[in-house]
Amino acid sequence: MEKFQTITSTCVPLPIENVDTDQIIPARFLKATDKEGFGDNLFADWRYNKDGSPKPDFVLNNPTYSGKILVAGKNFGSGSSREHAAWAVSGYGFRAVVSSYFADIFRNNSLNNGVLPVVVSPEFLSELFESIHADPKNTITIDLDKQIITNNHTGEGESFEINAYKKECLQKGLDDIDYLLSKKDKIEEYEKNRVYSY
């Protein structure tokens, strides 16, 4: 995975609450077993007409908005536990999703796939939406090391929480298997010196 340190980016606003995983990636796309191509089908039913043509009123089809940060409404990623939803968000190119609340499974799946879910207060989320709509070129800075998100339009910021282990994995660009492999020498040393009792 790509290392995550600090990113400053314009944002894509999705001020819709209770976006579930079937809306993020519809069930008909779940037959694939690798991550390739999922970004093309992110929010497919909102993004495309039945003939495959893009819906001009959906935000991902609006050239006014772009960036590596998705700013979403409350309760993003509810519903099923499909990891494909995180694959789709990552595959589209988002490195972070900001919301006032995430479903637990989606949050963990995102962290496992290099996407940082940032939980902010409802008030700060509203401020972000206002700033983005006032000026789509407004940027947000997310500093993972300091665990601070900043609205560069207003200068206001908030701290956010993240599991220490997942933080280290994101900073080093490691998934769970990569992390274990990075500790291979220590594991082998432990096993070599371990006393077994039978």
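The largest pocket of this predicted model is lined by M1, K35, E36, G37, W87, S90, G91, N112, N113 and D175. Its volume comes to about 170 Å³, and among the elements that contribute to the lining of this largest pocket, helix α3, which covers residues 84-92, gives the most, with 3 residues.

The protein chain around this pocket has a secondary structure of 8 helices and 8 strands. Taken along the principal axes, the C-alpha atoms of the chain fill a box of roughly 65 × 45 × 25 Å, and 42% of the 198 residues in the chain are buried. When contacts between residues at least 6 apart in sequence are considered, 65% of them join residues at least 24 apart.

**The sheet and its helix**

Four strands make up an open sheet in the order β1-β6-β7-β8, and their pairing is antiparallel. The edges of this sheet are formed by β1, residues 6-9, and by β8, each of which pairs on one side only. From one strand to the next, the twist averages 10°. As a general matter, the strands of a sheet pair through backbone hydrogen bonds, either parallel or antiparallel. Between β1 and strand β6, which spans residues 140-143, there are 4 bridges, and these two strands run antiparallel; within this pair, I7 stands opposite I142 in β6. Helix α5, made of residues 122-134, packs on the sheet, where it touches β6, β7 (148-151) and β8, and the direction of α5 makes about 40° with that of β7.

**I162, after the edge strand β8**

The loop between β8 (157-159) and α6 (164-172) contains I162. Is this residue buried or exposed? With a relative accessibility of 15%, I162 counts as buried, because the value falls under the 20% limit that defines the class. If residues up to four places away in sequence are set aside, I162 touches L111, L116, L144, Q147, K167 and L170. The C-alpha atom of I162 is separated by 23 Å from that of L14, a residue that is 148 residues apart from I162 along the chain.

**An aromatic cluster**

A search of the whole structure finds 8 aromatic pairs, and two of the rings' arrangements can be followed through one cluster, which F43, W46 and F58 form together. The rings of F43 and W46 are stacked, because their centres are 5.7 Å apart and their planes stand at 10°. The rings of W46 and F58 have centres 6.1 Å apart and planes at 55°, so this pair is classed as tilted. The pair of W46 and F58 links distant parts of the chain, since W46 belongs to helix α2 (residues 44-47) whereas F58 lies in the loop between α2 and β3 (69-72), 12 residues apart.

How buried or exposed each member of the cluster is can be read from the relative accessibility values below.

| Residue | Relative accessibility | Class |
|---|---|---|
| F43 | 1% | buried |
| W46 | 24% | partly exposed |
| F58 | 9% | buried |

W46 counts as partly exposed because its 24% lies between the limits of 20% and 50%, whereas F43, at 1%, counts as buried, as does F58 at 9%.

**Positive phi angles**

The backbone of F43 also deserves a remark: its phi is near 55°, a positive value in a residue other than glycine, and F43 is placed in the loop between α1 and α2. What is the sign of phi at N18? Although N18 is not a glycine, it has a positive phi of about 60°. This asparagine lies in the loop between β2 (11-14) and α1 (21-24), and, with a relative accessible area of 45%, N18 is partly exposed.

Technical notes:
Residues are numbered from 1 along each chain as its sequence is written. This is a predicted model: local features need pLDDT of at least 70, side-chain atom pairs count only at pLDDT 80 or more; totals for chains, interfaces and linings use all residues. Side-chain values use heavy atoms; hydrogens and water are left out. Buried means under 20% relative accessible area, exposed over 50%, partly exposed in between (1.4 Å probe, protein chains only). Contact means heavy atoms within 4.5 Å. Two strands pair if DSSP finds at least two bridges between them. Axes are lines fitted to C-alpha atoms, for helices over the stretch in contact, and angles run from 0 to 180 degrees between N-to-C directions. Rings of Phe, Tyr and Trp (its six-membered ring) pair if their centres lie within 6.5 Å; planes under 30 degrees apart count as stacked, over 60 as edge-to-face and the rest as tilted. On a 1 Å grid over the protein atoms alone, a cavity is a set of points where a 1.4 Å probe fits but cannot get out, and a pocket is an open set with protein on both sides within 12 Å along at least five of seven lines; lining residues have an atom within 4 Å of a point. Grid points are joined across faces, edges and corners, and a volume is the space filled by probe spheres set on the points.
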